[in-house]
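Reader: Please choose one part of this chain and describe it closely for me, together with whatever surrounds it. I would also like the cut-off behind each term where it first matters.

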Amino acid sequence: MAPVPTPPAQPDDTPDAYVGLTAEAAERRARARGWRTVRALPPGAIITMEYLAGRINFEVDHAVVTRCWVG
């Protein structure tokens with residue numbers, strides 16, 4: 001059996017710290033902290049639930065981050 005791959009390390013970051021930032025400021029901060037993929041979504045967007053290491057997700061309403069999660 002093949003070994004289970006080790007996912008790459010994610011940035012040491014706190015997703016809650018992005019809530020309240022503008023979408024533009026949140027993206028700049030996330031990229032500066034090492035997130036490979038930054039995804040901004042409107043409230044209620046339908047998305048798949050696959051986990052992707054190195055990705056940070058923002059729910060953005062009226063250009064402000066209202067929710068943030070990784071994966």
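Author: What follows is a close look at β2 and the parts around it.

The model is predicted, so local features need pLDDT of at least 70 and side-chain atom pairs count only at pLDDT 80 or more, whereas totals for chains, interfaces and linings use all residues. Residues are numbered from 1 along each chain as its sequence is written, and side-chain values use heavy atoms, with hydrogens and water left out.

The protein chain holds one helix and three strands, in the order α-β-β-β from the N terminus; helices (H or I, at least four residues) and strands (E, at least two) are DSSP runs, numbered from the N terminus. The three strands form an open sheet in the order β1-β2-β3, with mixed pairing, where two strands pair if DSSP finds at least two bridges between them. β1 (37–41) and β3 (64–70) stand at the edges with a single partner strand each, so one side of each is left without a neighbour in the sheet. From one strand to the next, the twist averages 25 degrees, with axes taken as lines fitted to C-alpha atoms, for helices over the stretch in contact, and angles running from 0 to 180 degrees between N-to-C directions.

Strands of a sheet pair through backbone hydrogen bonds, either parallel or antiparallel. β2 pairs with β1 in the parallel sense over five bridges, and among the bridge partners are Thr37 with Arg55 and Ala40 with Phe58. On the other pairing, six bridges join β2 to β3, and these two strands run antiparallel; here Val60 stands opposite Val65. β2 and β3 form a hairpin with two residues between them, and His62 in the turn has a positive phi of about 55 degrees.

Six of the seven residues of β2 are buried, so this strand is largely enclosed by the rest of the structure; buried means under 20% relative accessible area, exposed over 50% and partly exposed in between, with a 1.4 Å probe and protein chains only. In the protein chain as a whole, 28% of the 71 residues count as buried. The helix α1 lies across β1, β2 and β3, and runs at about 170 degrees to β2.

Phe58 deserves its own paragraph. A search of the whole structure finds one aromatic pair, formed by Tyr18 and Phe58, which is tilted, at 5.2 Å centre to centre and 45 degrees between the planes. Because Tyr18 lies in the segment before α1 (23–32) and Phe58 in β2 (residues 55–61), the pair ties together parts that are 40 residues apart in sequence. Rings of Phe, Tyr and Trp (its six-membered ring) pair if their centres lie within 6.5 Å, and planes under 30 degrees apart count as stacked, over 60 as edge-to-face and the rest as tilted. Tyr18 counts as buried at 0% relative accessibility, and Phe58 does so at 1%.

The charged end of Arg29 sits over the ring of Tyr18, 5.0 Å from its centre, a term that requires NZ of Lys or CZ of Arg within 6 Å of the ring centre and within 35 degrees of the ring normal. Leaving aside neighbours within four places in sequence, Asp13 is in contact (heavy atoms within 4.5 Å) with Tyr18, Arg33 and Trp35. Asp13 lies in the segment before α1, and Asp13 is buried, with a relative accessible area of 14%.
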